[in-house]
Amino acid sequence: MAMQKRSNIRLPPEVNRILYVRNLPYKITGEELYDIFGKYGAIRQIRLGTSSDTKGTAFVVYEDIFDAKNACEHLSGFNVCNRYLVVLYYQSNKAFTKMDKEKKRSELDRMKEKYGVSTEN
């Protein structure tokens, strides 16, 4: 009955199984993240940022979209080690925007050089 009820619910288009978490303490472990996020449902994977520009971030992938929605609603603003978590739905189209801009810029520069076009006055 509960499963049938869930299938009738329409979710907003941005809702998905992957959550992007920001403002994490740098010293948090994957095990601690499993403890925090595991309360809301079965987790398939957690990816913790380790490089200097991804530290303090993580991706949490849930088995079920409704568990991810519940976790996002309840953990956004949750206090962990005096830091308030920012929990968002992962949006692939926004994730690659910066990379695409850099790629297009380098392509444009290459074409300018190839055809001898200068934009300086």
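The exercises below concern a predicted model and are each followed by a worked solution. Local features need pLDDT of at least 70 and side-chain atom pairs count only at pLDDT 80 or more, while totals for chains, interfaces and linings use all residues. Residues are numbered from 1 along each chain as its sequence is written, and side-chain values use heavy atoms, with hydrogens and water left out.

**Exercise 1. The sheet**

Give the strand order of the sheet and identify its edge strands.

Solution.
1. Helices (H or I, at least four residues) and strands (E, at least two) are DSSP runs, numbered from the N terminus. Two strands pair if DSSP finds at least two bridges between them.
2. With these criteria, 4 strands form an open sheet in the order 2-3-1-6, and the pairing is antiparallel.
3. Strand 2 (43-48) and strand 6 (86-89) each pair on one side only, which makes them the edge strands.
4. From one strand to the next, the twist averages 20 degrees. Angles run from 0 to 180 degrees between N-to-C directions, and axes are lines fitted to C-alpha atoms, for helices over the stretch in contact.
5. Between strand 1 (residues 18-22) and strand 6 there are 4 bridges. Val-21 has Val-87 of strand 6 opposite.

**Exercise 2. Helices on the sheet**

State which strands helix 2 touches, and at what angle helix 3 runs to strand 6.

Solution.
1. Contact means heavy atoms within 4.5 Å.
2. Helix 2 (residues 30-37) packs on the sheet and touches strand 1, strand 2, strand 3 (58-62) and strand 6. The direction of helix 2 makes about 135 degrees with that of strand 2.
3. Helix 3 (residues 65-75) lies across strand 1, strand 3 and strand 6, at about 150 degrees to strand 6.

**Exercise 3. Salt bridges**

Find the salt bridges and locate the partners of each.

Solution.
1. The criterion is a side-chain nitrogen of Lys or Arg within 4 Å of a carboxyl oxygen of Asp or Glu. The structure holds 3 such pairs.
2. Glu-63 and Arg-44 pair at 3.0 Å, N to O. Glu-63 lies in the loop between strand 3 and helix 3 and Arg-44 in strand 2, so this salt bridge ties together parts that are 19 residues apart in sequence.
3. Glu-73 and Lys-69 pair at 2.6 Å. Both are in helix 3, 4 residues apart, and are therefore separated by about one helical turn.
4. For Arg-110 and Glu-107, the closest N and O atoms are 2.8 Å apart. Both residues lie in helix 5, 3 residues apart, about one turn of the helix.
5. Exposure is classed by relative accessible area: buried is under 20%, exposed over 50%, partly exposed in between (1.4 Å probe, protein chains only). Glu-63 at 39% is partly exposed, as is Arg-44 at 49%. Lys-69 is partly exposed at 23%, Arg-110 at 45% and Glu-107 at 38%.

**Exercise 4. Two tyrosines**

Describe the surroundings of Tyr-26 and Tyr-115.

Solution.
1. Tyr-26 is in the loop between strand 1 and helix 2 and counts as exposed at 55% relative accessibility.
2. Beyond its neighbours within four places in sequence, Tyr-26 is in contact with Lys-55 and Gly-56. Thr-50 is 24 residues from Tyr-26 in sequence, with 8.9 Å between their C-alpha atoms.
3. Tyr-115 belongs to helix 5 (residues 97-115) and is exposed, at 56%.
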